[in-house]
Amino acid sequence: AVRNVLAEYAVAWNRHNVAAFGRLFTEDCDYVNIAGVHWKGVQEIVQRHAELFQNRLKTAVRTLTGVEVRFSTPDVALVHATWDVTGSSHPTGEAVPVLKEITTMTMVKTDGKWLITAFQNTESGGSTK
């Protein structure tokens, strides 16, 4: 079920569907983006992604390349996922080559559904090992 959230995340992100994207987070989620900017709450996360999808991420595609899941309790999961992102651009408009990222997420099971409650994105070497 946790891995399904990652699959839904990739589909929503790649389609730039911010409504579907927002449904994957708790209302009070914390999200630290790759630049180290801390967004608080699902509304800010969705708003900032909508802006990025209109500009720097307009043609970007995110591909999941690895996943590790560890359950600290039956209703809390720590997830490390690696991604390749292609098609993004710098603020100057210059194309970014393949960007390798690692995300650390805390997911919680609420009313039978897994949601992301904390998210940290970092440029990486591309492996969860």
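## Exercises on a predicted model

At 34% relative accessibility, Asn 17 counts as partly exposed. The coordinates used here are those of a predicted model.

**Exercise 1. Place Asn 17 in the fold and find which backbone nitrogen lies 3.3 Å from a polar atom of its side chain.**

Solution.
1. Asn 17 sits in the loop between α1 and α2.
2. The class follows from the cut-offs: buried is under 20%, exposed is over 50%, and partly exposed is in between, so the 34% of Asn 17 makes it partly exposed.
3. The backbone nitrogen in question belongs to Ala 19.
4. As a check on a distant pair, the C-alpha atoms of Asn 17 and Thr 117 are 19 Å apart, with 100 residues separating them along the chain.

**Exercise 2. Decide whether Thr 103 is buried or exposed, and list its surroundings.**

Solution.
1. Thr 103 belongs to strand β5.
2. Its relative accessibility is 0%, so Thr 103 counts as buried.
3. Leaving out residues up to four places away in sequence, Thr 103 touches Val 79, His 80, Ala 81, Trp 83, Phe 119, Gln 120 and Asn 121.
4. With Trp 83 there is also a polar contact of 3.0 Å between the two side chains.

**Exercise 3. Describe the sheet: its strand order, its edges and the pairing of β1 with β2.**

Solution.
1. The sheet is open, has 6 strands with mixed pairing, and follows the order β2-β1-β6-β5-β4-β3.
2. Its edge strands are β2 (38–40) and β3 (61–73), each of which pairs on one side only.
3. Direction ignored, neighbouring strands are turned by 15 degrees against each other on average.
4. β1 and β2 are antiparallel, with 3 bridges; Asp 30 has Lys 40 in β2 as its bridge partner.
5. Two helices can then be placed on the strands. α1 lies across β1, β3, β4, β5 and β6, at about 150 degrees to β3, while α3 lies across β1 and β2, at about 55 degrees to β1.

**Exercise 4. Find which residues of the largest nonpolar core touch the most other members, and which element supplies the largest share.**

Solution.
1. The core has 33 residues, and those touching the most other members are Tyr 9, Phe 25, Met 107 and Ile 116.
2. Elements supplying at least two residues each include α1 (2–14), β1 (25–32) and β6 (113–123).
3. The largest share, 7 residues, comes from α1.
4. Take Phe 25 as an example: beyond four places in sequence, Phe 25 is in contact with Tyr 9, Tyr 31, Val 42, Ile 45, Leu 115, Ile 116 and Phe 119.

Technical notes
Residues are numbered from 1 along each chain as its sequence is written. This is a predicted model: local features need pLDDT of at least 70, side-chain atom pairs count only at pLDDT 80 or more; totals for chains, interfaces and linings use all residues. Side-chain values use heavy atoms; hydrogens and water are left out. A nonpolar core is a set of buried Ala, Val, Leu, Ile, Met, Phe, Trp, Tyr and Cys residues joined through side-chain atoms within 4.5 Å. Buried means under 20% relative accessible area, exposed over 50%, partly exposed in between (1.4 Å probe, protein chains only). Helices (H or I, at least four residues) and strands (E, at least two) are DSSP runs, numbered from the N terminus. Contact means heavy atoms within 4.5 Å. A polar contact is a pair of N or O atoms within 3.5 Å; within protein, one must be able to donate a hydrogen and the other to accept it, and residues adjacent in sequence count only if both atoms are side-chain atoms. Two strands pair if DSSP finds at least two bridges between them. Axes are lines fitted to C-alpha atoms, for helices over the stretch in contact, and angles run from 0 to 180 degrees between N-to-C directions.
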